[in-house]
Amino acid sequence: MNEKDRENLYKLFRDQADVLGSSRLTVVALQSFVASVKALRCSREEIMPLFKELADAIKNSQPHIVPLIHLIEEFEDEIEPFTEEGLEAIRAGAIRILETKIAKIEESKRRVVQQGLRQVESGDLILVHAVSTVVLKILVRAHEELGRRFEVIVLEQDFNKTRQLLQALDRVSIPHEVIPEYTLSHAIRRATKLFLGATAVTPDGHVVTPAGTANIVSLCHVEQIPVYLFVSTLKFSHKPSEAQQIHRKEEHRSREGLCYDLTTYSHCLVPIALIDHVITEDGEAKHSLPF
Amino acid sequence: MEGALLPVIIFLVVYAAITFELVNKAVAALLGVMILLIVHVIDERTAVRFIDFETILLLMGMMAIVAVLRKSGFFTILSVWIAEKTQGSPLKILVLFSIVTATLSAFLDNVTTVLIIVPIVIELTSGMGLDPKLFVISQAVVSNLGGTATLIGDPPNIIIGSKVGLTFNQFPLYLAAPVILSVAAMILYFWLTRREQFKPIDTNLAKLFSVQLILQKIRFEFVSMHVDRVFLAKALGCLALAISLFVTQTITKLTPGVVAMLVAMILFVITRVDVEQMLGEIEWSTLLFFAGLFILVGVLEEKGVIEWLARNVFLRIGDNPYAMVLVVLWVSGLVSGFLDNIPFTITMIPIVKVMQSTTPIPHDLLWWALSLGACFGGNLTMIGASANIVSVGMARKLGYEITFLEFFRSSVVITLITLTISSAYLVLMLWFFL
């Protein structure tokens, strides 16, 4: 896989993560892997190196999609015994393994949502920021299944990132208001909780979150608004924050006679110390985290 | 040609201003008209008489129909469907998108078509690590080819159909064959000259994976989009009604302009769209540009300039019908590559009328030569047609710069091929009918 193809793939990951969240992206990537294996035409000798090439590319993505990386590492271990089999057996084995990985992340998400439901109370005014399918499911199920009556403040990013959140809230008639994320200071005193998802939790005590989250978490911390992070343990990374390959982009801007170089980052790093509650599939986990 | 000097100078200045984009096209044309009115070369009544309201009505009606269709989500549904069908095969992307672009362009305006197709083609091809430029150029070119097949597909045809009184059915009857052959030739040319771009990807797992991710992204965007099915059904129903009324024009005796405007008004009523918003999407400057040009050319016609041009330039070639048809085709093709084909067609219509009256050529073949030349010639350069400019602009916005020369390298060969196909077709028709 050449550099250009890698760059294209990583850009696709970033675009998808922005609108789907990293958990949903993991499912989508695994489904894409299954469809690709089904369509692949190659010899028995070629198939394992092709798996390795794609697995290596996924494992080096910018930023790291940690749950996907964990599941791809498991896939590599589990496909190894098939090396001596025929082409179709390897193909069938790969599809079966990948399907179990999809089931695994879906189950993990389901359990986090189950735990998250306990954190929503009637009368809450919950802040939500970027798209997280887990946070979204918690809100929808708490409203629909548990009958909790709460309101949501959506901190607006660009339309594509906020659209999915708004559509889901509209669909189940959860009362909500939308404010630009940079005007949070005017609404924060009314809020009772901040709900977050994450791309990764690192062993050096950071949470990799969508760009803009660090400021919101900081303000909540100062104003003593409890911050809840809902995260599957599949998102716990072995690598420190500086090894998460957060994408850094520099572009030249020229506007109204002003020229400057603009540097942007795809994700934020939030110190875990600012998070009040870390909810995993096993419940509240803050005091049992591995750091 | 008494009193012709001032109108000729004004016409040439307006033409230069349009060609070099010195001022807005509509402003250039209407300023020329205003000067003619101020110096009393014509009066207001005569000026209004020169405007072909059938053309204006047809353009306005079609623009309104397209504005409502765009709002219905029809184009998004269509492009998602094709993207799914290609499954990331570069050859299928070229062939399927070319067929759809050509078909859409035949019934809608070319700019709308490329505005819908080009972004999705760039997304698919760039995501696969292919060079999207080739695919962008192909869609611009094919939109101009497809638009040639019908009366409503391209402005030169609208003008020819309206000014000459050709029916909707005559256009596909006479032009579908060279258009289909030209689209096929374009696909074949790209396939033969850029074989490395069309290698199948089903032996490359990483590329297959990228394509599947892109398709998932496109599907997700589609699912997130709100499509009002009733609105969509009404919009498509009205498009079908317009096409059937165009086709039955000889029975209903309704001109295409009346049909387009009638259907647009029905659409406005039954879909209850925000009419002000829809009217805002009509390209008023284009309509004013048309009106201004009709007046300028009308004055030249009245002063005898057009007849002089026809007799002293075009009829110099003699009365050999083969030579006449081929000269109209190739002059139109080459000039339209560098100048806007709308003013060129408006200028050529009275010239061709003189040629036709001097040496009658059967089956309107001179008009078909003008149509094929003016529409296909738009492919010659990046500035030859609005669809080219819009496609290149969209590619630039998405990070792919297509230079004038890059476009020209592909388009010049394709234009020569398509004009040669048209020449062969017209010669064959002449040989058959004479």
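Reader: How far apart do the C-alpha centres of domain 1 and domain 2 of chain A lie?

Author: Happy to start there! This is a predicted model, and the domain assignment splits chain A into domain 1 (3-112) and domain 2 (115-288). The C-alpha centres of these two domains of chain A are separated by 26 Å.

Reader: How many residues of domain 2 of chain A are in contact with domain 1 of chain A?

Author: Let's take the two sides in turn. Domain 1 of chain A brings 21 residues to this contact, and α1, α2, α4 (66-79) and α5 (87-116) of chain A each supply at least two of them. By class, that side has nine nonpolar, seven polar and five charged residues. On the side of domain 2 of chain A, the number is 28 residues.

Reader: Which element gives the most to the side of chain A that touches chain B?

Author: Good one! The contact takes 27 residues from chain A and 18 residues from chain B. The elements giving two or more residues to chain A's side are α1 (3-20), α2 (22-39), α3 (44-59) and α7 (159-171) of chain A. With nine residues, the top contributor is α1(A).

Reader: Are α3(A) and α11(B) parallel, perpendicular or oblique to each other?

Author: The axes of α3(A) and α11(B), residues 205-224 of chain B, come within 9 Å. In their contact, L50(A), E53(A), L54(A) and A57(A) meet L205(B), A206(B) and F209(B). The axes cross at roughly 50 degrees, which lies between the cut-offs of 35 and 65 degrees. The two helices are therefore oblique.

Note on methods:
Residues are numbered from 1 along each chain as its sequence is written. Chains are lettered from A and ligands numbered from 1 in the order in which they are written. This is a predicted model: local features need pLDDT of at least 70, side-chain atom pairs count only at pLDDT 80 or more; totals for chains, interfaces and linings use all residues. Two residues are in contact if their C-beta atoms, placed from the backbone, lie within 7 Å. Helices (H or I, at least four residues) and strands (E, at least two) are DSSP runs, numbered from the N terminus. Axes are lines fitted to C-alpha atoms, for helices over the stretch in contact, and angles run from 0 to 180 degrees between N-to-C directions. Angles under 35 degrees count as roughly parallel, over 145 as roughly antiparallel, 65 to 115 as roughly perpendicular and the rest as oblique. Domain bounds come from an automatic or database domain assignment. Ala, Val, Leu, Ile, Met, Phe, Trp, Tyr, Cys and Pro count as nonpolar, Asp, Glu, Lys and Arg as charged, and the others, Gly among them, as polar.
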